[in-house]
Amino acid sequence: MAIPKYNELYGPFMRAIQDGQVHNLKEIKNAVAKELSLTNEDLSELLPSGKQTVFDNRIGWARTYLKKAGLLTSPSRAHFVISEDGRKALPDADKIDNSYLSRYSSFREFVSSEEAASVIQISDSQSGKTPEERISDAQSEIEKNLAGDLLNEVLKLEPYAFEKLVVKLLEKMGYGSNLDHPGIVTPPSNDGGIDGIIKEDRLGFSSIYIQAKKWDPTRSVDRPEVQKFAGALQGQQASKGLFITTSKFTDGAKAFVNGLYGSKIVLIDGDQLMKLMIDNDLGVSTEDVIKIKRLDSDFFSAEF
């Protein structure tokens, strides 16, 4: 099953500590996971950042908000016990959301009245996403818009300029690193179906042959086009090919490359191309950097 949103974890979290005993965070997480029948696969799902599991992130924010509302206390690091207010709230455990928590002055003090209204509205109407998840969503939206703008600029390039851009991208990705001339673009005429060549390793023993098609995104590259490229590779006695386009590939084209023997052709469509350009800072620049910091528990475990 999908991991419940953090505001849906309030009830399970409260029931995990309802006996009034002190429980460490690991015990609480195990109890919540058991109540919700979460699998190891569920628990290992990562945030888009890849630095924390979705479950840990959401249980952490559930703990934070419950603590700020005064429904639990922390007598020692990573240990929690239900409070008197928490005991009184137990009958309503499954009804607890951020609107419910806002009845507690300590929660209202945690955020300003304006911020509190925003937290309540965002968390309850948008499925209780944590701040990290909301940042990730915003970043995805920004990158989606950026990809669209970037594609528009790429489509304005002449075909030969597009081929040079593709070779430059591969160089930015590290192919042929430490070589003076790792990639070349073949002449526009008489290229034999090969638009560029990039040296794969530092010593130049292996090369990747490139086909670059700057096509309208509404047009798809079909099987015959990829077959022609495969034939060009054979003519060069090459085993590695990269077919990049600003459009998409048909299922037939994908099936063809999956069935190849003795050679390997990688297909990169327009969406993937934009992502690679963004990830490798080609044609884009960094406008701002947001640092997200978390508590360093190891620091407080050390002896002073």
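1. K228 sits out in the open: in this predicted model its relative accessible area is 56%, so it counts as exposed. Its salt-bridge partner is E225, with the closest N and O atoms 3.5 Å apart. E225, by contrast, is buried at 17% relative accessibility. The two are three residues apart in helix α11 (residues 223-235), so about one helical turn separates them.

2. K275 and D279 make a salt bridge too, at 2.9 Å from N to O. Here the spacing is four residues in helix α13, again about one helical turn. K275 is exposed at 51%, and D279 is partly exposed at 44%. While we're on charges, R15, E35 and D94 are joined into one network by salt bridges that share partners. The count of salt bridges comes to 10.

3. Have a look at K129 and D137 as well: their closest N and O atoms are 2.5 Å apart, in a salt bridge. K129 is partly exposed, at 25% relative accessible area, and so is D137, at 34%.

4. T130 lies in the loop between α8 (113-125) and α9 (131-154). Despite the loop setting, T130 is buried, with a relative accessible area of 0%. Leaving aside residues up to four places away in sequence, T130 touches Y6, N57, R58 and W61.

5. Two backbone spots to check. Most residues other than glycine have a negative phi. S37 has a positive phi of about 55°, in the loop between α2 (25-35) and α3 (40-43), and is exposed at 54%. D281 also has a positive phi of about 55°; this residue is in the loop between α13 (270-279) and α14 (297-301) and is partly exposed at 40%.

Notes: Residues numbered from 1 in each chain as written. Predicted model: local features only at pLDDT ≥ 70, side-chain atom pairs only at ≥ 80, totals over all residues. Heavy atoms only, no water. Buried < 20%, exposed > 50% of the residue type's maximum accessible area, 1.4 Å probe, protein only. Contact = heavy atoms within 4.5 Å. Salt bridge = Lys/Arg side-chain N within 4 Å of Asp/Glu carboxyl O.
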